[in-house]
Amino acid sequence: MSIQAAYDNWSDTYDTDKNLTRDLDRTVTRETLIGLSCRSVVEIGCGTGKNTLFLSQIAEKVHAIDFSAYMLEKAKEKVNSANVIFSLTDITKQWACENGSADLITCNLVLEHINDLPFIFSEASRVLGKGGHFFISELHPFKQYEGTKANFQRNQERVEIPAFVHHISDYISTAKNYGFTLEKFQEWWHEQDCNKPPRIASFLFKK
């Protein structure tokens, strides 16, 4: 099953399935970004809108994009803020955003499904204005080394979504190549992750 088809299929139960990574990502995003006040945010991979409402509260406007039409429909049902627009977009192609138009880009649990990491950083650099921030929250590669992938149950079968491993050094070195500096790197555990590797790695880069 393709990545897009998998997320289309998962959309009906994404918000209600037990998913510690999803829940922790919501916490990570709020704790990292709560002090920011933004003019314009581009949310990459908004999914069902789990972080979109929060972003709408810290920004004048939010452009929330995803490549799954079914996920976007769920997000639109959940978020009706006047300062949010949703777009169906494939982020592996040039983003429909003007140069220097955003002061924050967020990317949550998306890059494990993207092979070409440099292209994402290139587009982020193009779209962000000087001094803007690029926030990334991803499944920690330590979890990937153990074989963990995004997955869900359908018809009593486990559906694993195709993924690519990006090491911590990949994020940091690629960011540097595209003019970003690292402001904050954190590793996060869910409260149920006692004596386990970190579940999420988050990065806050500045252009």
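What covers the buried residues of α2? Keep that question in mind while we look around; the model on your screen is a predicted one.

**Start with the whole chain**

Select everything and colour by secondary structure: the chain holds 7 helices and 9 strands. Its radius of gyration is 16 Å, close to the 17 Å that the globule rule gives for 207 residues, so the chain is as compact as a globular protein of that length. If you align the view to the principal axes, the C-alpha trace spans about 50 × 35 × 30 Å.

Now switch on the surface. The chain exposes about 9900 Å², and carbon and sulfur atoms supply 48% of that area. Of the 207 residues, 53% count as buried. A contact map is worth a glance too: among contacts with a separation of 6 or more, 68% are between residues 24 or more positions apart. For the charges, select the 23 positive and 27 negative side chains; the centres of the two sets lie 3 Å apart.

**Next, select α2**

Pick residues 20–33, which form helix α2. With 14 residues at 1.5 Å a residue, α2 should span 20 Å, and its end C-alpha atoms are indeed 20 Å apart. Show side chains for its buried residues: L20, T21, R22, L24, D25, V28, T29, T32 and L33. As you look down the axis, remember that an α-helix has 3.6 residues a turn, so residues three or four places apart point the same way.

Back to the opening question: the cover over the buried residues of α2 includes helix α3 (52–58) and the strands β4 (102–108), β5 (128–139), β8 (181–188) and β9 (200–206). Try colouring each of these separately.

**Step into α3 at T52**

Select T52, which sits in helix α3. Is T52 buried or exposed? T52 is buried, with a relative accessible area of 0%. Leaving out residues up to four places away in sequence, T52 touches E43, C46, A64, V79, V84 and F86.

**Finish in the loop at S11**

Now move to S11, in the loop between α1 (3–10) and α2. Although placed in a loop, S11 is buried, and its relative accessible area is 4%. Which residues is S11 in contact with, leaving aside neighbours within four places in sequence? They are T48, Y70, M71 and K74, so label these four in your viewer.

For a last distance, draw a line from the C-alpha atom of S11 to that of E98: the two residues are 87 apart along the chain, and their C-alpha atoms are separated by 29 Å.

Conventions:
Residues numbered from 1 in each chain as written. Predicted model: local features only at pLDDT ≥ 70, side-chain atom pairs only at ≥ 80, totals over all residues. Heavy atoms only, no water. Helix = DSSP H or I, 4+ residues; strand = E, 2+ residues; numbered from the N terminus. Rg over C-alpha atoms; globule rule 2.2 N^0.38 Å. Buried < 20%, exposed > 50% of the residue type's maximum accessible area, 1.4 Å probe, protein only. Contact = heavy atoms within 4.5 Å. Areas by Shrake-Rupley, 256 points an atom, 1.4 Å probe, with all protein chains shown as cover. Lys, Arg positive; Asp, Glu negative; His and termini not counted. Charge placed at Lys NZ, Arg CZ, Asp CG, Glu CD. Expected span 1.5 Å × (residues − 1).
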